[in-house]
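Please open the model in a viewer and keep the sequence panel visible. The tour below proceeds from one selection to the next.

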Amino acid sequence: MKKFYLTTPIYYVNDKPHIGHAYTTILADVVTRFHRKTNDDVLFLTGLDEHGQKVQQAADKRGVDPKVHCDDMAPRFLDLWEKLNIQYDDFIRTTESRHILVVQDLLQKVFDKGDIYEDEYEGLYSVSEERFITEKEADSGEFKDIKKLKEKNYFFKMSKYQEALIDHINQNSNFIQPEHRKNEVLGFLKKPLDDLCISRPKARLSWGIELPFDSNYVTYVWFDALINYVTAAGYSNEEKFNKYWPADYHLIGKDILTTHAVYWPTMLMSAGLPLPNGIFAHGWWLSGESKMSKSVGNVVDPLGLIKEYGVDPVRYYLMREMVLGNDASFTMESFIKRYNSDLANDFGNLLSRVTNLLTKFFDGKIPKCEDNSKEGLSIKNNGIELIKNVSTKIEKMKVNEAIEIILQFIRSVNKYLEIMAPWKLVKSDLDLAGKVLFTSAEALRVSSLLLSPIMPNRTLIILKTFCAEQSSLKWGELTPNKTIKNHDVLFPRIDIKKIKNENVLQKKNIQPDNVITYDQFKNIELKTAKIVSAEKVEGADKLLKIQVEINNEKRQIISGIAEHYSSEELINKIIIVVTNLKPAKIFGIESYGMLLAAKKGKDLTLITLDSEKVNTGMTIY
Ligand code: MSP
């Protein structure tokens with residue numbers, strides 16, 4: 001038995017899983033299902049990346065322990081994998097003790113080898129990226145939350161392995177795929193590599209794995225995360241480890257190419273472990289033409305799609321539409337077009353034609369034997385070829401091309417039916433009509449088996465229809481004389497007009513010219529404040545000079561509400577103030593902020609909060 005070990009990235013536990021995470025995991029599931037079909041001994045690993053600053057911050061914000069926070073978040077991923085029909089063999093979480101022990105063991109090995117040293121480093125640190133960044137990166141404007149930091153840390157001598165890594169990449173053409181990503185990494189390696197800061201002082205960040213050689217530090221989240229791939233391969237169990245390691249493929253998105261193709265192999269070299277056979281970086285799913293982003297609000301939620309259209313069509317679309325290695329654009333229009341043309345028209349149509357004709361003219365029984373006419377043999381030979389070609393495409397990770405050649409075959413069977421016209425033949429040559437339907441049913445059986453790693457549920461229904469769920473992927477396994485089973489329409493057409501109308505309705509509510517991003521909204525600082533005094537501004541009928549208290553600090557605000565409120569009735573009210581508004585002079589008096597009020601026509605009311613329940617200085621968001 002050949003082993004096949006495939007991994008997905010381990011996802012940050014904080015993120016809500018979206019279509020991008022779903023994509024990598026479905027791709028891994030599809031590829032491993034193909035390998036299981038050829039009886040490979042498969043290990044398919046996925047999991048969660050649970051340490052680091054962002055998790056600690058999120059847990060602090062909720063006022064819970066980081067591990068509790070992770071335990072609360074993990075089910076979101078587990079539920080989605082179940083709904084997406086993902087057959088993983090292992091689900092790793094970096095907070096598990098099996099992993100912590102391996103990380104510490106490897107750190108110690110690399111340390112003992114003399115590849116880790118201590119140094120004081122002063123530089124720019126990006127909180128969001130959780131790493132030191134260069135001046136150039138800081139200037140790019142892509143990094144938020146940049147701090148200047150000076151601290152003692154431990155560094156991994158990554159630079160020592162630069163030449164060995166370049167040689168390895170050049171000698172192993174499949175190590176980084178596709179080709180253009182390999183060239184990207186080689187380009188990056190033209191410049192001298194920096195050493196890698198692999199520690200964080202506990203004083204700043206305690207949520208991580210402690211360094212075995214200095215208990216004042218935890219290790220950098222990436223040094224921890226990458227090691228999950230050897231933990232799950234059985235690093236602490238020699239027999240298992242020798243069997244599964246090195247991984248056949250690390251499947252990743254292009255965003256984490258450097259960590260996988262530079263950090264990880266040099267870490268393994270230092271630890272004296274073999275490098276993975278392949279790192280495959282796929283492109284990004286865009287929402288239409290734009291990057292998916294929580295702040296823009298254009299992230300596609302896979303759960304909604306599954307609920308509406310079923311899991312198999314979603315898996316099919318994602319696998320068919322992305323050319324591996326390039327970016328792909330997700331739109332509802334393209335989803336429906338793809339569904340209607342490939343699944344409803346081509347595949348679904350072939351199925352209903354064959355089953356309807358068998359029911360109508362053959363008592364629902366599979367006829368005796370196949371069609372040996374020129375046309376029938378051509379279908380048979382193409383079917384045999386197809387099985388070989390699909391397997392080659394999958395070996396090369398060309399899943400979208402594999403699907404396309406299966407669909408071409410299905411289209412050719414539809415044409416074959418049109419040419420042979422068994423619905424007419426039944427009148428002149430019932431025997432030949434039966435043979436044509438037998439060959440078509442066999443083509444459907446083979447196509448369903450080939451598509452089963454992509455659409456496991458619906459293809460199983462087709463196989464059951466022809467009593468072929470136990471059959472194997474070889475031409476000629478359809479059993480004659482069995483009675484076919486009935487089923488509902490498998491791929492009903494989706495009415496694109498209906499969807500278009502819904503889209504229009506949704507779009508109406510959001511006018512492009514008044515849309516703001518979440519980041520823009522977040523920039524407005526809103527705080528609760530208590531009014532401590534208010535007096536009329538002399539010479540201005542509408543203005544009040546108001547003093548508010550926010551966290552024991554006083555500030556003065558000039559507000560145009562004198563016609564609606566008297567000074568006395570305002571005292572002690574808890575209101576909401578925009579605190580980061582640029583100070584302005586109104587009627588010659590300084591104003592430091594703005595009160596929130598609701599207004600319609602001549603009516604105005606301040607937005608107030610219950611003074612018994614609310615303190616000043618609370619943030620509104
Ligand atoms: N925790 C790290 C990975 C550590 S692996 C040792 C991480 N996690 S993540 O939650 O941000 O997931 C990143 C991965 O999710 C990408 O590499 C990619 O596989 C997938 N995707 C996330 N968004 C994506 C798209 N919009 N499109 C396609 N896949 C993307 O990075």
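By class, how many residues of the shell around the ligand are nonpolar, polar and charged? The shell has eleven nonpolar, nine polar and two charged residues. The model under inspection is a predicted one.

**The ligand and its shell**

Select the ligand together with the 22 residues that surround it. The closest are I10, T24, D49, W284 and W285. Display T24 next: an N or O atom of the T24 side chain lies 2.7 Å from an oxygen atom of the ligand. The protein buries 96% of the 670 Å² that the ligand exposes when taken alone. Colour the secondary-structure elements that give two or more residues to this shell, namely β1 (3-12), α1 (19-37), α8 (221-226) and α9 (228-232). Strand β1 makes the largest contribution, with four residues.

Two backbone positions deserve display as well. At Y12, a polar backbone atom is 3.0 Å from an oxygen atom of the ligand. At G20, a polar backbone atom is 3.5 Å from a nitrogen atom of the ligand.

**A salt bridge between helices**

Now select D72 and R62, which form a salt bridge with the closest N and O atoms 2.8 Å apart. D72 belongs to helix α3 (residues 66-83) and R62 to helix α2 (residues 53-62), and the two residues are ten apart in the chain. The total count is 32 salt bridges.

**Backbone features**

Move to Q177 and P178, where the joining peptide bond is cis and omega is about -10°. P178 is placed in the loop between β7 (176-177) and α7 (179-188). A further cis peptide bond runs from W245 to P246, with omega near 5°; P246 is located in the loop between α10 (238-244) and β12 (249-253).

Then select C467, a residue other than glycine whose phi is positive, near 50°. C467 is found in the loop between α19 (456-465) and α20.

**Domains and a surface patch**

Colour domain 1 (331-465) and domain 2 (513-609) separately. How far apart do the C-alpha centres of domain 1 and domain 2 lie? The separation of these centres is 71 Å.

Finally, show the surface and select I516, Y518, F521 and I524, which form a nonpolar patch. Together these four residues have about 370 Å² of accessible area. I516 sits in the loop between α20 (496-509) and α21 (518-522).

Conventions
Residues numbered from 1 in each chain as written. Predicted model: local features only at pLDDT ≥ 70, side-chain atom pairs only at ≥ 80, totals over all residues. Heavy atoms only, no water. Near = heavy atom within 4 Å. Polar contact = N/O pair within 3.5 Å; in protein donor to acceptor, adjacent residues only side chain to side chain. Areas by Shrake-Rupley, 256 points an atom, 1.4 Å probe, with all protein chains shown as cover. Nonpolar A, V, L, I, M, F, W, Y, C, P; charged D, E, K, R; others polar. Domains from an automatic or database assignment. Patch = residues over 30% accessible without salt bridge, like charges linked within 9 Å, V, L, I, M, F, W, Y side chains within 5 Å. Salt bridge = Lys/Arg side-chain N within 4 Å of Asp/Glu carboxyl O.
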